[in-house]
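Open the model in your viewer and keep the selection panel at hand. Each stop below says what to pick and what is there.

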Amino acid sequence: MYLCRRVFTKASHIRHFSQAAAAVVHQEPLDLPPFTYLEGFPRPDPRYAETILAIPRSASGSIISAKERKAGRVPSIVFEQEDGQHGGNKRLISVRTSQIRKLVKHLGRSFFLSRLFDLEVRAEFESEEIVEKIRVLPRLLHLHASSDEPLNVTFIRAPSHALLKVNVPLVFRGEDVSPGLKKGASLNTIKRTVKYLCPPDIIPPYIDVDLSDLDVGQKVVMGDLKLIRLQGSIL
């Protein structure tokens, strides 16, 4: 398990680690008991357990996408889950701009991209006819450079038997009592997320990084993080 280094010095250091790690392939679902979050570890906030509504989209291209955005919709794609990471056959959909904007604003971009959502594809937004209902993980989110309006969203299916690579946000705690910061040292944040490999049912909403005991010249390494190694691993 690896993590970039954080150092309290005038010039921070970073150790580079290999990012070459492939998702685990499960051709057939394993006969295992369901994964659950362990006591004392963070869980997704139920306040944002929202179903994203979508409608089918018949064509793609820049002109079609521009029309969708003008109509208040975000052109999106749902990839079939094949090996825990790469997409296969895709479904073209459109989602409401207002809903994606609200979720990104409330959660933050990194937290939005590491959270599972139910996706309900309907014939029309106001229709009661459900074409498909699936669980998805947002994989990519493109925002407008100046307005932060969502331009495109890519989702990937998240069945329970898969292993997903998820960029989990890091939450840094203890800056207010850190001896190094109290002495006037600076804290240089190298990364704000780490790539985490785990089943969809137990994706951590964030990973805590405790800075409360760090002094000048000290570091936080992967072994210092509070993780359940049997349920997931840092890549």
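In which loop is D148 found? Select it: D148 sits in the loop between strand 6 and strand 7. This is a predicted model, and the tour begins at this turn.

**The hairpin**

Show the backbone of D148. Its phi is positive, about 65 degrees, although D148 is not a glycine. Now add the two flanking strands. Strand 6 and strand 7 form a hairpin, with six residues between them. The two strands run antiparallel and are joined by seven bridges. For one pairing, pick L141: its bridge partner in strand 7 is V153. Stay on strand 7 and switch on the surface. Six of the eight residues of strand 7 are buried, and the strand is mostly covered.

**The whole chain**

Zoom out and colour by secondary structure. The chain has four helices and 12 strands. Of its 235 residues, 42% count as buried. The exposed area is about 13,000 Å², and carbon and sulfur atoms supply 51% of that. How do the contacts spread along the sequence? Among those between residues at least 6 apart, 70% join residues at least 24 apart.

Recolour by pLDDT. The chain averages 78, and 72% of the residues score at least 70. Among the elements, strand 2 has the highest mean pLDDT, 96, and strand 1 (residues 6-7) the lowest, 40. Select residues 1-30 next. The pLDDT is below 50 over this stretch, which nevertheless has 72 contacts in the model beyond near neighbours in sequence. Where pLDDT is low, the predicted coordinates should not be read in detail.

**The largest nonpolar core**

Select I52, I93, V95, I100, F112, L119 and F155. In the largest nonpolar core, which has 21 residues, these touch the most other members. Which elements supply at least two residues each to this core? Strand 2 (51-56), strand 3 (73-81), strand 4 (87-96), helix 2 (97-107), strand 5 (117-122), strand 6 (130-143) and strand 7 (150-157) each do so. Helix 2 gives the most, with four residues.

Centre on L119. Leave out its neighbours within four places in sequence. L119 is then in contact with I52, A54, V78, I93, V95, E132, K133, I134 and V136.

Keep the side chains on. A second, separate core has 18 residues, including L137, I156, Y196 and I203.

**V74 in strand 3**

Go to V74, which lies in strand 3. Is V74 buried or exposed? V74 is buried, because its relative accessible area is 0%, and the cut-off for buried is under 20%. Show what surrounds it. Not counting residues up to four places away in sequence, V74 touches I93, S94, V95, R96, T97, P150, L151, N152 and V153. Draw a distance from V74 to A54. Their C-alpha atoms are 9.4 Å apart, while the two residues are separated by 20 residues along the chain.

**Helix 2 and its end**

Select helix 2. Its buried residues include T97, Q99, I100, L103, V104 and L107. An α-helix has 3.6 residues a turn, so residues three or four places apart point the same way. Look down the helix with that in mind. Then step past its end to G108, which follows helix 2 and has a positive phi, near 95 degrees.

**S114 in its loop**

Move on to S114, in the loop between helix 3 (109-112) and strand 5. S114 is buried, with a relative accessible area of 5%. Which backbone oxygens lie by a polar atom of its side chain? The backbone oxygen of S110 lies 3.2 Å from such an atom. That of F111 lies 3.3 Å from one. Hide the neighbours within four places in sequence. The contacts of S114 that remain are L137, V166, N167, V168, P169, I203 and P205.

**Strands 8 and 9**

V168 leads to the last stop. Select strand 8 (residues 164-173) and strand 9. They run antiparallel, joined by six bridges. Pick V168 again: its bridge partner in strand 9 is V194. Why is strand 9 (residues 193-198) described as largely enclosed by the rest of the structure? Because five of its six residues are buried.

Conventions
Residues numbered from 1 in each chain as written. Predicted model: local features only at pLDDT ≥ 70, side-chain atom pairs only at ≥ 80, totals over all residues. Heavy atoms only, no water. Core = buried A, V, L, I, M, F, W, Y, C linked by side-chain atoms within 4.5 Å. Buried < 20%, exposed > 50% of the residue type's maximum accessible area, 1.4 Å probe, protein only. Contact = heavy atoms within 4.5 Å. Areas by Shrake-Rupley, 256 points an atom, 1.4 Å probe, with all protein chains shown as cover. pLDDT = per-residue confidence, 0-100. Polar contact = N/O pair within 3.5 Å; in protein donor to acceptor, adjacent residues only side chain to side chain. Pairing = 2+ DSSP bridges.
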